Amino acid sequence: MPYGHRTPEQRTDSAHRTAPGAGERPHDRRLLRRVAVASFIGTAIEFYDFYIYGTAAALVIDRAFFPNLSPVNALLASFSTYAVAFVARPLGSVLFGHFGDRLGRKSVLVVSLLLMGLSTAAVGLLPTYDTWGAWAPALLVLLRFLQGLGLGGEWGGAALLAVEHAPSGRRGRYAGFPQLGPSVGFFAATGVFLLLSSWVSDETFRAWAWRVPFLLSLVLVGVGLLVRLRIAETPSFREAADQRTEEVPIAGIVRRHPRELLLGCGAMIVTYGLFYTATTYCLSYGTKTLGIGRTPMLLASMAAVVFLAAGTWIAATGSDRFGRKPLALWGTVAAAVWGPLIFPLLDTGRLPLIILGLGGALFLMGVIYGPMGAFLPELFPVRVRYSGAGLAYSLGGVAGGAVAPLVATRLQSAFGSASVGWYVSTMAGVSLVCLLLLPETRERGITDS
């Protein structure tokens, strides 16, 4: 059926979505603060769990689990186990989105947090190749897959928790809280590895100390559960629960909203590409190729992620005034220009210029990423919103995040570091086209069904 032809049911959905403030209600400030904290803390914890694996993949996983491979192939194998989680994330979005759209946001978010936390802690207990042989990397892949399932269910639910509670005209601001989760999670993950690098020798770090950040996940998950169990179900879902729901939400997405799904996925590609190139790959590139010490590179990464937090918050809050699409477009164009500058700055080996290169990339990533917390949920009606927003977000991760370290490693090996910067610009070009084809959503109602 041509996209321009819609059924009466779809036209009704569209009318609901374009009614500004439809169904808005008075909001309790104490409840809103609790929702903001719950969406932020849970997301930060899950991304901490996810990112410590990325840091470990760049620093130690290759030697611990793939000692019989050449250095380049061991690094590629390490990044491949890292990419497994991105393949699992869309599956997690479909699985958790199904139950999130049918049973509610809150309970699904609790399960996703538990799955991620327990899988992460298990990595910290996993014997290496020297002890278990081929079973060690096989189980590592399984645990990484489970991490991906958990994170695939996390983002969509956390974003909806914030957006569906937010007052009219402030959805971008409240959606900014879960969008800060990656910044804080990455800062915490990198900080833990930095402290370990300062306290123990390199030999001790590779022998056992790299496991500590994974085991800390158990404590953090306990905190996250206490916060999330205190929140209520979202008003939008409670209202929609009395009406007809989709038996299979993902089927409804594929039948009625494929355009929003695919374009939303494409719009996210550059955010993932920027992040994982500027963090996971550049950490490996700086320490292994340029010979820069682990501590200076971790410090540079921590400094750069502050720029990410700033860009995220500025753009998320600004999207309530200027719109989601214009800010994301501006950030994407700027990212295409900045891509070729990243590696010349890194190649100087000077810490201030390294921070400038990485910080500029992550600031622009934040400008695009910040509005997405409201933009993607606003593209879909409430009864399929968890599935639609979460799947678009996760599919963008497969295209932009899973392959970025792998492609960057191959490009640098074959054509030099400059080619990696142009690869970033190419991803920005793809996202730019997708953003241009998406509508502005700031004035849409959030309680449509």
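Helices here are DSSP runs of at least four residues, numbered from the N terminus. I am working from a predicted model.

**Entry 1: Ala-189**

I looked up Ala-189 and found it in helix H8, residues 181-199. Is Ala-189 buried or exposed? Its relative accessibility is 0%, and buried means under 20%, so I noted Ala-189 as buried. Next I checked what it touches. Leaving out residues up to four places away in sequence, I listed Tyr-48, Tyr-51 and Ile-52 as its contacts. I also took one C-alpha separation: Ala-189 to Ile-45 is 9.6 Å, across 144 residues of chain.

**Entry 2: cavities**

How many cavities of 30 Å³ or more does the structure hold? I counted 3. The largest has a volume of about 80 Å³. I went through its lining, which includes Phe-47, Tyr-51, Arg-89, Pro-182, Met-268 and Tyr-393. H2, H14 and helix H17 (351-378) each supply at least two of the lining residues. H14 has the largest share, with 5 residues. By class I have 10 nonpolar, 1 polar and 1 charged.

I then turned to the second largest cavity, at about 40 Å³. Among its lining residues are Gly-54, Thr-55, Tyr-82, Phe-186 and Leu-283. H2 and H14 are the elements that give two or more residues to this lining. Here too H14 supplies the largest share, 5 residues. The classes are 6 nonpolar, 4 polar and no charged.

Tyr-51 caught my eye. It touches Ala-189, lines the largest cavity and also lines the second largest cavity. Phe-275 and Tyr-276 line the largest cavity and the second largest cavity as well.

**Entry 3: the largest pocket**

I put the largest pocket at about 320 Å³. Which residues lie closest to its centre? Of the 17 that line it, they are Asp-62, Pro-71, Val-72, Leu-75 and Lys-288. Helices H2 (29-65), H3 (71-102), H14 (258-289) and H19 (404-415) each give two or more residues to the lining. H14 gives the most, with 5. I sorted the lining into 9 nonpolar, 5 polar and 3 charged residues.

**Entry 4: H13 against H18**

Last, a helix pair. H13 (residues 249-256) packs on H18 (residues 385-402) at an angle of about 70°, and the axes are 8 Å apart. Angles of 65 to 115 degrees count as roughly perpendicular, so I entered H13 as roughly perpendicular to H18. Pro-249, Ile-250 and Ile-253 of H13 meet Ser-387, Gly-388 and Leu-391 of H18. I logged the contact residues as 4 nonpolar, 2 polar and no charged.

Definitions and conventions. Residues numbered from 1 in each chain as written. Predicted model: local features only at pLDDT ≥ 70, side-chain atom pairs only at ≥ 80, totals over all residues. Heavy atoms only, no water. Axes fitted to C-alpha atoms, helices over the stretch in contact; angles between N-to-C directions. Parallel < 35°, antiparallel > 145°, perpendicular 65-115°, else oblique. Contact = heavy atoms within 4.5 Å. Nonpolar A, V, L, I, M, F, W, Y, C, P; charged D, E, K, R; others polar. 1 Å grid on protein atoms, 1.4 Å probe; cavity = no way out; pocket = protein on both sides within 12 Å on 5 of 7 lines; lining within 4 Å. Points joined across faces, edges and corners; volume = space filled by probe spheres on them. Buried < 20%, exposed > 50% of the residue type's maximum accessible area, 1.4 Å probe, protein only.
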